[in-house]
Amino acid sequence: MRAMVKESIAIFTPQGFLDGNCASSFLTIDDIEATSALKVDMVLVSLKKVIFFNRNGLDAFVKMFAKVRAKNRVTVGFCDYDKKKYDTIMKFYQDGVTFSLFKTQEIARLFTSTFKNESKTLLLYSEDKSQRAAMAIELHDNGHNPIISPNYNDFLEKSINEKAYDFIINDTYLGQMGQKIATRVTGNAIIYTISSFLDAEFGNTFSISYHTNSLNVGFRLFIFDAYKVVAMNIHALNFFSKLASSAAEYNATICFAGLTFEKTPIAFKETLEDSGIIFFNQLDDILHDKELLQELGGSSPASGKNKRVINKTTVTELPRFIDATVLTIEMMTNSKAIKKAVQIHDIEIMNKADKIASSIGFYGDMDGMIILVFPLGIAKQACELLIGEQTDDLELVLDSLSELVNIIGGKVKTLLADENISVNITLPRTYNDIGSLLEMTTDRKGVQVDLEFNNDKFLFFLTR
Amino acid sequence: MVTKETIASYIQKIPPAPKALRDTIMFLSIGELTKAAKVAEGDLALKAYLKNIVNKPIYGFRNQVSEISQIFGILGVSGSKQTVYNYMLTLLSPKKWILFKLNVTSFHSLQDNLSIKWQIILNHLGIQDDDIQNAITLLPASIIVSEALFNEHIEDVKLLRSIKALDYNTILMRLCGVDLFDLCEQVAQKWEMPQNVSTIIQASSGVKPSNDELVNKLGKWMHLLLFYELSQPQTVEAGLNDFIDFQVDYVADIYEEFSNLISMDNLK
């Protein structure tokens, strides 16, 4: 069984009966390896569809938790259970619960830094005083407003007025939380949340491949939210200096927000500033200043200096890219595609209104970027299968569109692998208006293929 | 991807039950075991299937049973009918399983386990009805249908499932507006199985409860039994655990009773 990844949380959803007999079948060695390789903040096992479990059944997952946590330092645990299941788990593991327990997936999401930073009002209760405090600190750190009930009666009293809270958190337990560098995307800026002591170990925990992929896909502003950092040593300083040099090649900007220099030599600040890193007192100084954001490159995915021309290898493999795209859209819309025109030039979009776009990069034996421009109607239709119903919610459509482009990227990867060409794909990006897409593609030549689905024009663009 | 046309052509391709089988079932329905055995002797594949089933260790016979009349005698009217229905389903099943990691043996084993446990459940509920007993035979049909419909687009389906945790039933429902259980009903109709077989199968999906109290009760037991079997190591390894969406709430009220019954059976 493989975990489903959404918003940096990997979730396993076993169904039915979970006992020692079948648990090892749910998780093979390959499954554990695949889970360890995931770039996520949390690995959870949902018990929503489990009607029976015993300790042996849970143990298979608990062992997996230990391995994944040791390797990736992420938060691991169970979620989606009722009071009876919670009490049973606590009883099974009364000698020490090393994993976390989140009553629902939504509650688990509140504990991740990648959760879109919407401040929520939360009623919080745990019998265990230290748990109450730990949860409150984590939630507060993530920008929420936890109201703590000191005892059960108070909790019952307050929870009567459930509409006063976005979430009521009880029957939840924080095991060892992840120490991973949390990453989130705000607009076109990537924010890394870092904490405690930054030393030689930092280079191991920071995902260089994620960072490079983000640069490849067009992100130009990287902010290190460092208000929880206590101190930095010379190894970390060298690391950041190198990171800044490589960012300069892409014309990208690196900023630090909230870093204090009480325990870090002030000379480090000068060194980092010389490397091109900019310092701000707090994160909001950047995020709430639109002009500054634009100046730093975080409001639009500027194409940077790194423009390369499309090459013969890319053009040779073009049919595979188009096949992957057309087959996926046909699969999702149940309609046939007609190829209209193929040309090599800068991207050319007629009628920019009511269109949205998405892009995904690939790198490895060959590199480049696929850009898809959809009329809103086709996008909605294509995403309907993923959403499960028709929707006019643009954010939901964009969200599903990035899943759709991810499917296309996955398909390209498979088709190229058949030709012994090994590539990896980057995170997908979406554009809710064509203007921001055009800014990113300025002066980039590529292959443009006009396709028609049910008389609606759809554009495929392959560039480097 | 799977379209309404694909489904129509799939249903079209399902062969009608061969005459020998229909006659066998007809004679079994009126309790004429000898006549049924005589007709069944003429279908060599059915004969081999029945011999294979009844000589499994689960039946515990020291000597090989090879006469069809003997086999029908051992299985009884209802058991014989159920076995013939199971055989009809194997006619539909693929030679090589691709989507699910099953083979002839493991599929038969799933069929047998469901049939035997369903019998125990019906005895427990005090229900003696041939058609209701036979209803369980159609449950594995949904697995066959799913395998057949999706394996031509296996990469697409796998990719879709890896991005969004949709079960096969939901994918089919969203694409074509019919689900696997509707298709099973169509298979049942094509094979002229009694109407109440289809009704119970629909209720066992867990998402289409019936207004008929008995049908609904049987649907719940069948849904839970299906997931009990889909949680066994062999079926989990076959990739069947997330085959359809398990409706925990639908079966919550019978869980304790089910659990006691099955654990008692396991102790035997």
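In the predicted model described here, A:Leu123 stands opposite A:Ile147 in S9(A). Four bridges link S9(A) in parallel to strand S8 of chain A, residues 121–124; strands are DSSP runs of E of at least two residues, numbered from the N terminus, and two of them pair if DSSP finds at least two bridges between them. The open sheet holds three strands of chain A in the order S9-S8-S10, with parallel pairing. Strands S9 (145–148) and S10 (167–169) of chain A each have a single partner strand, so one side of each edge strand is left without a neighbour in the sheet.

A word on conventions is handy here. Residues are numbered from 1 along each chain as its sequence is written, and chains are lettered from A and ligands numbered from 1 in the order in which they are written. Because the model is predicted, local features need pLDDT of at least 70 and side-chain atom pairs count only at pLDDT 80 or more, while totals for chains, interfaces and linings use all residues.

Turning to the interior, the largest nonpolar core (buried Ala, Val, Leu, Ile, Met, Phe, Trp, Tyr and Cys residues joined through C-beta atoms within 7 Å; buried means 20 or more other C-beta atoms within 10 Å, with C-beta atoms placed from the backbone) has 172 residues, and among those touching the most other members are A:Phe78, A:Ile371 and B:Leu225. Domain 1 (4–169) and domain 3 (312–463) of chain A each contribute at least three residues to this core, with domain bounds from an automatic or database assignment. A second, separate core of 32 residues includes A:Met232 and A:Phe240.

Key. Buried ≥ 20, exposed ≤ 12 C-beta atoms within 10 Å, placed from the backbone.
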